[in-house]
Amino acid sequence: MKKEYIFVGIILVVLAIMGIFLLNNNKKEQSIINNAEDMKKMINTIYKDIELPSLETITIDVNNKDEVSLYTGLKANTDVEELVVSVPLMNAQAYSLAVVKVKENSDIEKTKNEMLENINMSRWVCVTAEKLYITNNGNVIFLVMASEDWAKPVYEGFKKYVNNNIGKELEKTADNTAIELPPEMKVN
């Protein structure tokens, strides 16, 4: 009878150790992007094997409502805790990446939808981003917009970086409806 109790005790200890290990792993997955430096490290890791234009990755002052709105489409900056963006050194290229850490207890899905609806995919003078992808890992929202050739691999790189531990995925394709020129501007 004592051998059975010892065996059951050993099994319970092993299960307890496994439970602690799994809980710690889940916490690590949830907290790999904690601040602007973690965001920059992630972006550099994603870019490592992707051919992109020359880019600059910078931390944006979240108190600057206009810049927060420009890079995210958000109308207010009250829920934004950190913001890191990556943009071309030359503005003639339609590419923008934004990593937004929102405050705890913020409505992530509402924030992502606001970004999807309000981001200006034609904010550059003469080019428009073809695709927009948005998702999140915990309270960190990831947005990339560019041509499909640039946006898709960067977006997939984010998902890989966070072990596919993401929220709802949103995407948008630019409306590139042809613009009719006035008769005096048409070339014969």
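These exercises work through the helix packing, buried faces and loops of a predicted model.

Residues are numbered from 1 along each chain as its sequence is written, and side-chain values use heavy atoms, with hydrogens and water left out. In this predicted model, local features need pLDDT of at least 70 and side-chain atom pairs count only at pLDDT 80 or more, while totals for chains, interfaces and linings use all residues.

**Exercise 1. Lay out the chain.**

Task: State how many helices and strands there are in the chain, and how the elements run.

Solution. Start with the terms. Helices (H or I, at least four residues) and strands (E, at least two) are DSSP runs, numbered from the N terminus. The chain has 5 helices and 6 strands. From the N terminus on, the order is α-α-β-α-β-β-α-β-β-α-β.

Next, burial. Buried means under 20% relative accessible area, exposed over 50%, and partly exposed in between (1.4 Å probe, protein chains only). Of the 188 residues, 36% count as buried.

Last, contacts, meaning heavy atoms within 4.5 Å. Take the contacts with a separation of 6 or more: residues 24 or more positions apart account for 62% of them.

**Exercise 2. Describe the packing of α2 and α5.**

Task: Find the angle between α2 and α5, and classify their contact.

Solution. Helix α2 spans residues 36-47 and helix α5 spans residues 148-161. They pack at about 120 degrees, with axes 9 Å apart. Axes are lines fitted to C-alpha atoms, for helices over the stretch in contact, and angles run from 0 to 180 degrees between N-to-C directions.

Now classify the angle. Under 35 degrees counts as roughly parallel, over 145 as roughly antiparallel, 65 to 115 as roughly perpendicular, and the rest as oblique. The two helices are therefore oblique to each other.

The crossing of α2 and α5 is right-handed. The term means that the near helix is turned clockwise from the far one by less than a right angle; anticlockwise would be left-handed.

Then list the residues. From α2 come K41, M42, T45, I46 and Y47. From α5 come V154, G157, F158 and Y161. By class, this contact has 6 nonpolar, 2 polar and 1 charged residues. Here Ala, Val, Leu, Ile, Met, Phe, Trp, Tyr, Cys and Pro count as nonpolar, Asp, Glu, Lys and Arg as charged, and the others, Gly among them, as polar.

**Exercise 3. Find the buried side of α3.**

Task: Name the buried residues of α3 and what they pack against.

Solution. Helix α3 covers residues 65-72, and its buried residues are V68, Y71 and T72. They cover an arc of only 85 degrees around the axis, which puts them on the same side of α3. The arc is that of the directions from the helix axis to the C-beta atoms.

Their packing partners are β2 (80-88), β3 (96-102), α4 (108-118) and β5 (140-146).

Zoom in on V68. V68 is buried, with a relative accessible area of 1%. Leaving out residues up to four places away in sequence, V68 touches D61, V62, G73, N77, V80 and L83. V68 and A98 are 30 residues apart in sequence, with a C-alpha to C-alpha distance of 9.6 Å.

**Exercise 4. Sort the faces of α4.**

Task: Say which residues of α4 are buried and which are exposed on the other side.

Solution. Buried in α4 are I108, T111, K112, M115 and L116. Seen down the axis, these residues fall within an arc of 140 degrees, so they line one face of the helix. On the other side of α4, K110 and E117 are exposed. The cover over the buried residues includes α3, β3, β4 (131-137), β5 and β6.

Step back to D107, in the loop between β3 and α4. D107 is partly exposed, at 46% relative accessible area. The C-alpha atoms of D107 and N139 are separated by 9.1 Å, at 32 residues apart along the chain.

**Exercise 5. Examine the loop between α5 and β6.**

Task: Give the phi and exposure of N163 and N164, then place I166.

Solution. Begin with the background. Most residues other than glycine have a negative phi.

N163 lies in the loop between α5 and β6 (170-173). Its phi is near 55 degrees, a positive value. N163 counts as exposed, at 52% relative accessibility.

N164 lies in the loop between α5 and β6. Phi of N164 is near 60 degrees, also positive. N164 counts as exposed, at 52% relative accessibility.

I166 lies in this loop between α5 and β6. At 22% relative accessibility, I166 counts as partly exposed. Not counting residues up to four places away in sequence, I166 touches T135, N136, F158 and K159. The C-alpha atoms of I166 and G138 are 7.4 Å apart, with their positions 28 residues apart along the chain.
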